[in-house]
Amino acid sequence: MKKRYNLRDKKIKEKRVEKKKGFIILLVFLGIVTIVVHSAWVNTKEVKKQLEQNLADVAQQNAHVLQSKLHAQHQLLNSLSGELQGVTQNTIKEQLSEFEIYMDSFHLKRFAYCFPDGVAYSTDGEVTDLSYREFYKQGMKGKCALSGVLSDALRAEHSQVNVMTIPIFDENENISGVFGLTYDTETFNEAMQIESFGGAGSSFALNEEGQIMMATGNDEIAVSDNLFDKLQEDEGNADSIAQLQGLIEKKSTGTGMLNLSGKNYYYCVPVELMEGDVTWYVITMIPSEILHERAHVLQINQYVTSILVAIFVCLGAVFIVAMLKAQNRKMYCLAYEDSVTGGANFEKFWLNMEDRNNGNGYLVSIGIANFSNVAIAAGMEAGDSMICKTWKIIDNSLNKGDFAAHVKDDVFLLFFADSDEKQVKERLGKLSKRISKESGVFHVFGLQMVCGVCELSENDDLELVYNKARTAREYAAMGAGFSCTFYNEVDNLKMQQEKELEERIPEALAQKEFEVWYQPKYSADDCMVVGSEALIRWREKNGELIPPGRFIPLLEKNGMIMKVDEYMFRSVCMQQKCWLEEGRKIYPVSINISRASLYYNDVVERYRKILQESGVSPEYIQLEITETVVGEKRDICDVLNEFRKLGVKILMDDFGTGASSLATLSTQCFDTLKLDKSLVDHIGDKGGEIMLCHIISMGQALGLHITAEGVEKQTQLEFLRDLKCDDIQGFYFARPMPAEEYESML
Ligand code: C2E
Ligand code: CA
Ligand code: CA
């Protein structure tokens with residue numbers, strides 16, 4: 001019973017291990033997917049950050065360009081301002097004309113000088129009152145100024161210009177005027193043409209009031225527009241305006257969103273001009289969809305990669321699982337599969353027994369009678385092959401609820417879910433027939449099933465039932481041919497005795513407890529002795545005789561029959577030699593040789609040697625073989641013919657019993673036909689007599705010598721004599737007798 005629990009434990013453990021493995025694989029898989037998705041997310045964020053950084057870089061560059069350009073102009077004004085000290089309305093024009101040489105290289109429209117009264121003189125000869133201009137007012141306060149975009153006040157063409165001014169001081173540090181330069185807004189605008197984001201980005205500069213000072217890359221934003229006015233057109237910009245104004249107030253850099261024909265992402269940089277008197281703001285922006293598009297492409301790439309990785313990991317996991325499964329299967333095979341048949345083994349059978357839901361039925365222990373002959377005759381491989389064939393037959397015969405297993409050698413176990421004893425017997429009978437038929441392939445005949453059956457009811461102790469079925473099989477094995485014994489039929493005492501007997505055989509052989517007895521054969525014609533048959537007897541130490549019928553089947557079962565047959569053959573040869581040496585007349589003696597002995601490859605050679613050693617002429621030695629052995633078997637015929645070549649005659653024993661067929665008569669590997677007692681017993685009834693008559697005439701027609709066995713009556717003798725039967729063997733003349741008795745009888 002311990003075994004059963006061990007198996008169950010094993011099963012549970014295996015299931016647990018499998019669950020654990022599955023869980024670990026799932027964890028690893030989820031881990032990898034999480035890492036991949038997380039890194040995709042982080043990467044996308046990083047890409048966005050980089051694009052933002054790009055935006056900032058472009059804005060900074062633009063700011064730098066703007067600053068350096070305006071700084072150059074401011075420097076110019078400062079350097080020229082020295083010339084203007086003490087200038088008057090009379091000298092101003094002349095003075096200004098000297099500055100004209102700088103105008104081209106600095107892309108300027110003009111220089112102008114504004115006296116404290118607001119009247120301005122310019123290089124292009126105009127004189128205008130500019131006291132209303134903010135830059136004039138700032139200048140008079142001693143401050144530098146850079147105007148917003150103005151329409152040119154000195155020319156009728158109304159082009160857009162910017163004016164940069166500085167105050168001019170006299171020796172007493174009093175403001176004596178405002179000096180400035182004017183440049184075309186458009187010309188300056190071109191300076192800020194740093195391309196960004198493949199042309200998708202735009203940049204512009206604005207002053208503290210929000211007026212656009214220069215703009216590139218966006219048609220919506222034009223110079224002199226007010227950015228805040230523009231932004232106000234879209235309600236969604238309220239927060240953006242506040243944020244931008246906040247940046248301007250603090251003169252700090254920052255980022256944000258602007259709705260200007262779509263959402264834009266911007267970066268704002270303050271640019272200090274005119275020695276800090278003026279601050280402009282450079283804003284670079286890109287449509288947010290571009291930013292997202294770029295991030296999106298990358299994100300998609302990342303997710304595609306992660307999906308691919310996940311699929312790859314999945315496939316890997318599936319592969320690992322498949323491998324583990326294959327390994328498990330292998331382990332399962334090792335644990336539950338029979339190595340010979342590939343079907344269930346004993347362990348598996350036990351599991352099935354436990355899992356059968358307490359169903360009632362019959363447990364059958366199956367053995368194959370004479371199976372050892374297959375191995376002996378055709379080799380181990382053929383033995384295995386026969387086991388496989390037997391297994392297939394058994395397996396194919398299973399109904400719903402049945403199961404079976406190969407245990408070892410020629411032993412199988414079967415569970416029939418049937419409820420009827422008769423049905424079980426019938427099914428087993430059919431199985432045995434099929435197995436017997438199959439065994440023909442191996443040129444081994446008479447393979448029959450030996451079954452022990454025990455009924456199994458709910459809650460029965462399985463091991464007990466198993467042992468009972470096995471015991472019943474062992475009991476069944478004592479019979480000949482197919483037998484099916486139910487445990488309740490087992491005669492335990494008899495079985496015990498047989499077992500003990502079997503165990504004693506090896507010692508009996510060693511102790512020479514086997515004796516040769518002789519039963520004479522007589523000529524039917526003149527009732528003279530013509531020979532004898534050697535019959536074995538086992539004389540126990542206590543002097544008791546055991547008849548061959550009790551131990552020959554045991555010897556055949558355990559394979560020792562070969563030794564015993566050889567022992568008998570040698571004994572007879574030696575006895576004949578002895579008689580010859582004593583100068584006696586000797587007669588042929590026939591010795592029984594079991595079919596199992598004939599399967600020995602070197603049987604002829606061994607017997608030849610013994611014969612040769614004895615020096616007895618082969619005509620005095622004959623062999624009796626039961627005819628069922630031969631059947632359609634050619635190999636056996638070859639063996640028999642080899643014996644005949646030695647000069648040993650072959651007698652077909654027991655003709656007329658069992659599966660004897662008339663066809664065997666024509667095999668031409670026999671010299672003598674021994675009619676079985678059962679045929680002789682039919683003398684007296686008409687049908688039997690006719691049959692006997694035909695058998696004898698047919699045998700004679702085939703050139704066979706005819707011997708009748710078991711002749712007990714005078715009438716039988718006379719009948720056989722009339723049919724021209726050659727020899728008679730039977731109690732009518734003599735019973736088997738010990739050698740000495742036979743010797744003196746002769
Ligand atoms: P078998 O070869 O057919 O031997 C003839 C059997 O019939 C012998 O039984 C013999 O005593 C018996 N017998 C002979 N005449 C009569 C008769 O008129 N009436 C009756 N009722 N019986 C008669 P035994 O000696 O008991 O042998 C039984 C069987 O044991 C033999 O049958 C043979 O198959 C086997 N056997 C005996 N000795 C050997 C042996 O040395 N080797 C092998 N392999 N088998 C042997
Ligand atoms: Ca015989
Ligand atoms: Ca016989």
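**Calcium pair**

I looked up the two ions in this predicted model: the calcium ion (ligand 2) and the calcium ion (ligand 3) sit 3.8 Å apart, with aspartate 653 coordinating both. For ligand 2, I found these donors at 2.1 to 2.4 Å: Glu533 (OE), Asn592 (OD1), Glu624 (OE) and Asp653 (OD). Donors here are N, O and S atoms within 2.8 Å of the metal (3.2 Å for Na, K and Ca), and since water is not among the atoms, sites may look incomplete. I noted the donor spacing in sequence as E-x58-N-x31-E-x28-D.

Asparagine 592 is in strand S21 (residues 589-592) and aspartate 653 in strand S23 (residues 649-655), so this pair ties together parts 61 residues apart in sequence. Strands (E, at least two residues) and helices (H or I, at least four) are DSSP runs, numbered from the N terminus.

I checked burial next: aspartate 653 is buried at 6% relative accessible area, while asparagine 592 is partly exposed at 24%. Buried means under 20%, exposed over 50%, partly exposed in between (1.4 Å probe, protein chains only).

**H14 against H15**

I then turned to helix H14 (residues 492-510) and helix H15 (residues 548-558), whose axes come within 10 Å and cross at roughly 65°. Axes are lines fitted to C-alpha atoms, for helices over the stretch in contact, with angles from 0 to 180 degrees between N-to-C directions.

**Bookkeeping**

Residues are numbered from 1 along each chain as written, and chains are lettered from A and ligands numbered from 1 in written order. Local features need pLDDT of at least 70, side-chain atom pairs 80 or more, while totals for chains, interfaces and linings use all residues; side-chain values use heavy atoms, leaving out hydrogens and water.
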